[in-house]
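This note sets out some points to check while looking through the model. Each numbered paragraph takes up one topic.

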Amino acid sequence: MTTTRTVQTPFNRLLLTGAAGGLGKVLRNSLKPYAKVLRLSDIAPMAPAADAREEVQICDLADKQAVHRLVEGVDAILHFGGVSVERPFEEILGPNISGIFHIYEAARRHGVKRVIFASSNHVIGFYKQDETLDAHVQRRPDSYYGLSKSYGEDMATFYFDRYGIETVSIRIGSSFPEPQNRRMMSTWLSFDDLTQLLERALYAPDVGHTVVYGASNNANVWWDNRFAAHLGFEPKDSSEVFRDKVEAQPMPAANDPSMVYQGGAFVAAGPFGDE
Ligand code: NAI
Ligand code: 15L
């Protein structure tokens, strides 16, 4: 669904990491109204800059000096780069754990005042699907990947308390063109709603470190955003329009992790390295 929104005064320069990824490719277009220049970065190749309003910079998040060069001159960072699924710990360490430290250290050194962090529902993935969670529940990461996002949220709290750098951590549910299975009927976040949430996260005053769940206005939601009400996020889309298509899929067993846990199959990934 396409929505019309009032565009706020654009930032001079915004940095988007993970720009070659699934969401990065979408945000490359949808974030344009919010920046005079959008700096796009990834370790993977990207399409060249379309015009003077884009900058393309290859960067490995695990490389501290490269991240420092990347962050120079930006007003805010939308941090979407890193490993986005469950992998052995050693593969997550550089991109996600060292990477988030490099992003905040570079933000501190270059005077960047706000970070939008693509966190994940996998920081609370071991809660059951019949539980409703707000942003203050104890985290229950379901994977090394979820642990890395949990660490990222702690990093955000530390850099706000110590250095006053504000963050909105978005515990994104499942942001794809459409929900792919029954679990995603609850966790789905449309691209339009993601863009609206990023706009709010960029422009809302005094966010400190705000944690917000990123889901559309789905019929059966597991997440309560009362502690992020100051952002003014009002999702417009709903997974209901895809219900018939999703429910045409075979029904998983009642004890399948995808039917039991909020994090779905991630709770059952691994172990790694036993071979
Ligand atoms: P993706 O895997 O398509 O994109 C991630 C990008 O990060 C890739 O282009 C990859 O090349 C890049 N990357 C990996 N290692 C890197 C490194 N060392 N240095 C620089 N870049 C590196 O993932 P997607 O779906 O676009 O997600 C974007 C972000 O949102 C990720 O941080 C993911 O964890 C988070 N997220 C996404 C959700 C979704 O439903 N799509 C749900 C929850 C969180
Ligand atoms: C995530 O954090 C992943 O990045 C994405 O690929 C999906 O698996 C999503 O969570 C989800 O839980 O559906």
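1. A polar contact, as used in this note, is a pair of N or O atoms within 3.5 Å; within protein, one must be able to donate a hydrogen and the other to accept it, and residues adjacent in sequence count only if both atoms are side-chain atoms. Ligand 2 supplies examples: one of its oxygen atoms is 2.7 Å from an N or O atom in the side chain of H122. An oxygen atom of ligand 2 is also 2.7 Å from an N or O atom in the side chain of S120, and a polar side-chain atom of S174 lies 2.6 Å from an oxygen atom of ligand 2. Taken alone, ligand 2 exposes 320 Å², of which the protein buries 82%; accessible areas come from the Shrake-Rupley method with a 1.4 Å probe, and for residues only the protein chains shown count as cover.

2. The model is predicted: local features need pLDDT of at least 70 and side-chain atom pairs count only at pLDDT 80 or more, while totals for chains, interfaces and linings use all residues. Residues are numbered from 1 along each chain as its sequence is written, chains are lettered from A and ligands numbered from 1 in the order in which they are written, and side-chain values use heavy atoms, with hydrogens and water left out.

3. Which residues are found around ligand 2? They are S84, S120, N121, H122, Y145, G173, S174, F176, R183, M184 and F266, where near means that a heavy atom of the residue lies within 4 Å of the molecule.

4. Ligand 1 has 26 residues around it, and L23, D42, S84, Y145 and S175 come nearest. Two backbone contacts involve its oxygen atoms: one is 2.7 Å from a polar backbone atom of S175, and one is 3.1 Å from a polar backbone atom of G21. A nitrogen atom of ligand 1 is 2.9 Å from an N or O atom in the side chain of D60. Taken alone, ligand 1 exposes 810 Å², and the protein buries 85% of that.

5. Helix α4 runs over residues 144-163; helices (H or I, at least four residues) and strands (E, at least two) are DSSP runs, numbered from the N terminus. Its 20 residues reach 28 Å from the first C-alpha to the last, close to the 28 Å expected at 1.5 Å a residue, the expected span being 1.5 Å times one less than the number of residues. The buried residues of α4 include Y145, G146, S148 and Y159; buried means under 20% relative accessible area, exposed over 50%, and partly exposed in between (1.4 Å probe, protein chains only). These buried residues pack against α3, β5, β6 and β7, contact meaning heavy atoms within 4.5 Å. Just after α4, G164 takes a positive phi of about 75°.

6. In helix α2 (residues 64-71), A66, V67, H68, L70 and V71 are buried, and their cover includes β1, β2, β3, β4 and α3. At the N-terminal end of α2, D63 acts as a cap, with a side-chain oxygen 3.2 Å from the backbone nitrogen of Q65. G73, just after α2, has a positive phi of about 85°.

7. Two backbone features deserve a look. D206 is not a glycine, yet it has a positive phi of about 50°; D206 sits in the loop between α6 and β7 and is exposed, with a relative accessible area of 69%. The peptide bond from G270 to P271 is cis, with omega near 0°, and P271 lies in the segment after α8.
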